[in-house]
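Trainee: Could we go through this model together, beginning with how its copies are arranged?
Mentor: Happily, let's have a look.

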2 protein chains.
Amino acid sequence: VQSLFLFLAHIVFFPKKGPILSIKTPKGTRDFFPDYQVIQDYIFDKWKEACLLSGYQGYEGPMFEHLELYTGKSGDEIVDQLYTLQDKKGRDLALRPEMTPTLARMINQKGPSLKKPAKWFSIPRLFRYEKAQKGRLREFFQLNLDIMGCEGIEGEVDLLLAITRMLKSFGLTQADFQIGISSRSILSALLKQRNVDNDAGVYAALDKKAKSSPEAFAKLLSEAGLNEEDQSFFADFMNVKNLTELKPFCQTEEATAAFDELNSLFETLNKLGAGEYIALDLHVVRGLAYYTGVVFEVFDKAKSMRAIAGGGRYDNLTKVLGGQAVTGVGFGMGDVVLRDLLEEKGLLPESLASQTDVFVATFNSDTLLAFEVSENLRDLGLKSQHSLKSQKIKKQLDLSNYFGAKYVLFADAEANTDGKFEVKNLKTGEQNMFSLNELAEACDV
Amino acid sequence: VQSLFLFLAHIVFFPKKGPILSIKTPKGTRDFFPDYQVIQDYIFDKWKEACLLSGYQGYEGPMFEHLELYTGKSGDEIVDQLYTLQDKKGRDLALRPEMTPTLARMINQKGPSLKKPAKWFSIPRLFRYEKAQKGRLREFFQLNLDIMGCEGIEGEVDLLLAITRMLKSFGLTQADFQIGISSRSILSALLKQRNVDNDAGVYAALDKKAKSSPEAFAKLLSEAGLNEEDQSFFADFMNVKNLTELKPFCQTEEATAAFDELNSLFETLNKLGAGEYIALDLHVVRGLAYYTGVVFEVFDKAKSMRAIAGGGRYDNLTKVLGGQAVTGVGFGMGDVVLRDLLEEKGLLPESLASQTDVFVATFNSDTLLAFEVSENLRDLGLKSQHSLKSQKIKKQLDLSNYFGAKYVLFADAEANTDGKFEVKNLKTGEQNMFSLNELAEACDV
C-alpha cells in the first residue's frame, strides 16, 4: 500500500522531473521513519531493561568480520546467505549473519582474564541474504543473551527465566507464547545408540518434520541414511509429547544422562514458577551446526508465525574457533516477529504520542521568545517544541496536535504575568496559569 | 598494549594449539567488551535524552544503500572511502559512510506527506575506509540531528542550542569546547564577486588553510585557479577574526545578504545565552560538497583533537537526489572523539559499577533458592545477580565485589526470618534485616 501511494504521489506531484524516487531502500531492508522508530526504541528499551534486571552486561562487536569466522562454523545454510565484501586491501569480509561467532571470538581474545560465568547481552544488527517475506527480512535486529563458562543447567534456567520475564514485560502471557524445549544431547546419544553417524544430516531432516507429510518425512530420514527400523524409531520419537513418554527411548548411559539433565531443567523451571510457559517439543532441533545440548524455541501459542526466539547450548564453539574451551549457552530474539506479535495482540504503545510534554505557542509569533521559554522548560527536564518560523496561532496549534503535546503554553512578551503562563491541558481542555516549575510538576518530571 | 597482552597470553596459555586467536577484529573496527560498552551506552543515552528534550524524533535507515546514492553526491573524498559490495543479484551496494544521503532519500520517499519542519535524529553506525588513527576509526557511531523544511536561521539556532545542551549535559563547559561558525553562502558570493567559478576547488583549498604554511596555502589557492590578487584577497579573508572585520569583504547584494544572515544568527544565539560557546571561524569550510549556507564545527577548546561535531545547511540535496526541494540543516557528532574528550576531562562514569543492585548469596549454596530470591527482587525492579553453581560463600562474595553490587543479601532456606533477610551494604559495611520491599526502598527503586 505504501509503495502504491509513493508511486501515485510520484505521478501526481512530480510528473516530469527525471530520476524521481529512483533510488530506493535496498531489498529486504527497512526505513525506520519516526512513527516506526519510536516503537523500535520501545522494544529495545524493554529488552535492555529485562537484561539488566536479570544481571546481563551489554557488549557489541564490529558489523562485519573476517569471512573465515563464519565459513565452516555456522552451518552451511547461513554461509550461503552471507553478504560478502572485500576491503581495499583485498581482505575477505562478511556482514555478520549472527552474533555468536563474534561473541566466541571476543571470549577467545579475552583469554583467561574472563570472569566466569559471563552473562552478556547485545542487540546486534544482522544480515542474511534470503528470500524477504513476512517475519523475515535481510537486515534485522536480534537480541542475544549468552552465558559463557556455566556447565550446569543453571545456565539454561537463567536464560529461560530471562526470556519469560522479558516477554511478560511486553504484556504477553502464557496464552500468547510457549517455549518448546528439546535436547541435542539426547538426539546425539540416540544416534550413537543406533550406530548412525550422520548427525548433521539427521538433524537437518528432523528439523523439517513439522513442515512435512509422514511420507515426505520418511523420505527425508531415508535420504539422511536411516534404515527402515531407524526411520520408524525416529518417527515415533518425534511424536513423543512428554518426559514420561520420552524416558523409554533413552537406553544407554549417555542417553539416560541427557534425559536426566532435561528432566532436571523442567523440574527446576517448574519449581521457579515458569512451568506454564514451557513444554517438551522434540520438533525443536535448530538449524545451526554448533549446538551440543539443550535447545529451545519460543513460538506464539497459535504457532502461526516464525519462532520468536531460539537458542541452546554450544559447548565447543570457542574451541572450534581456535581458542580455549569455554562452555556457552544462549539465544537470539529477532525484532521482526516479536513486533508483529505485539502488534497483533494490541500491545504496542501509541506511536509518537506523548513524545512532547509542552508546545510553546506565541500570540505575536515571537520565535525568539518561543526559543527562550522552550530552553527554560528543557532545563527543567520537559520535552518542548515550538514553531520555527512566524506562524498564525491556528497553525501553531495544528503543530502542537501533530506532536501529541500534553500541554500548550501561551507565551506573550507583552503580558506582565509574574513568571506565570497560560497553559492548556490538551487532553482535558483545562486552562491554568502556571509557572514553569508548576508545569514541570504537572508533567510529573 | 592490549594486543601485546593478547599476544603474550597466546604464547603463555595456549602454546601449541594451532590457529589460536588467528581471527581478529577487522582493522579499524572495535570490540565493545562490557566495561567499554557500558560507557558507550552512557553516551548514547545522554545523546538521546538531549535530542528528545529538544523535540527531535528518532529515525533509522538501512546499514547499506544502493551505491548510486553516494557516487557524485557526497563529494569525492568520501566516495573513495566507501566499503562497496554486490548482493547475490549483482546489485551494487555500499556500507553507509554518512547518514545525510539516507535521510534525503527517506524525505524524498515521504513526499508531500512530510510534516515540516521535521526535526529528526539518529545514531547510525557508519563506515569509511580510511587510515585508522587516533580519533578516527573505519567503523564508528555518529549522532545526526537534522531539520528538514526550515528556511530561516531558526533551524541553525535550534541545532546549535541542542548541541550546546547536549555537550553541557556531559559536564563539558565553555572552557572545554567551542563552536566555530562560518558560511558557505558568503564564500560562494565572494567567489562570484571575484568571477571565480571553481567553487569546489577553492573550498577544498581553504579547508586546508589551518594545516598549511602561508606559502603552501598560497600554492593551494593558485592550484585552485586563483590569480595573485584573488589569492591575497582570500588569504586576508581567512585571517578575519570577527564580524566587524568580515563586513567590508561583503560588497555585492548576495554577499551582504549572506553576511546579514550570519550576523543575525550570532545575535540570536547571543540573546539566547549561547554566546559564550560560539565564535566566527572562517577556517570552517567542511569537506562535503553539498553544503549551501551556514557551516559549523565543534572543537575542544585546546584544538588538540579532531572536530567533535560538524554540520551546516544543505538546501538542495533532496532535489539533487531526484526529489522535491526540501531545505535541510544538520550536523553529525562522532562517538570516538567525544569519548576521548570526556575521558581526558574525567567526565566518564565509573565503568560497570552499580549495574548490580543486589547479589544474592546462599550459605548452603542453594542455587534454587538464589534463583527464587533473585526473581522476586527483579519483580520489584532490582538488578540482581547470584552464583550459577554451588560455591563457597567466599567465592560468592568475590563475585559480588566483581559486579560492584550495592548490597549482598544472604539467603538461608533453614532460617525462619519472617520474610526478612540479612543484608549487607557493601559501601558502608552496615548490616540489617530487610524484607525485599525494604531493600527495594533502600535501593531507591
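Trainee: What relation does the superposition of chain B on chain A show?
Mentor: This is a predicted model, where local features need pLDDT of at least 70, side-chain atom pairs count only at pLDDT 80 or more, and totals for chains, interfaces and linings use all residues. Residues are numbered from 1 along each chain as its sequence is written. Chain B superposes on chain A by a rotation of 180 degrees with 0.0 Å of shift along its axis, at RMSD 0.1 Å (a least-squares fit on the C-alpha atoms of residues with pLDDT of at least 70 in both). That is the relation of a two-fold axis.

Trainee: In chain B, which residue has the C-alpha nearest the axis?
Mentor: The C-alpha in question lies 2.6 Å from the axis. It belongs to Leu85(B).

Trainee: Is Ser387(A) buried or exposed?
Mentor: Ser387(A) sits in the loop between strand E14 (384-386) and helix H15 (393-402) of chain A; helices (H or I, at least four residues) and strands (E, at least two) are DSSP runs, numbered from the N terminus. Buried means under 20% relative accessible area and exposed over 50%, with partly exposed in between (1.4 Å probe, protein chains only). At 6% relative accessibility, Ser387(A) is therefore buried.

Trainee: Which side chain has a polar contact of 2.7 Å with that of Ser387(A)?
Mentor: A polar contact is a pair of N or O atoms within 3.5 Å; within protein, one must be able to donate a hydrogen and the other to accept it, and residues adjacent in sequence count only if both atoms are side-chain atoms. A polar atom of the Ser387(A) side chain also lies 2.9 Å from the backbone oxygen of Lys389(A). The side chain at 2.7 Å is that of Gln391(A).

Key: Chains lettered and ligands numbered in written order. Heavy atoms only, no water.
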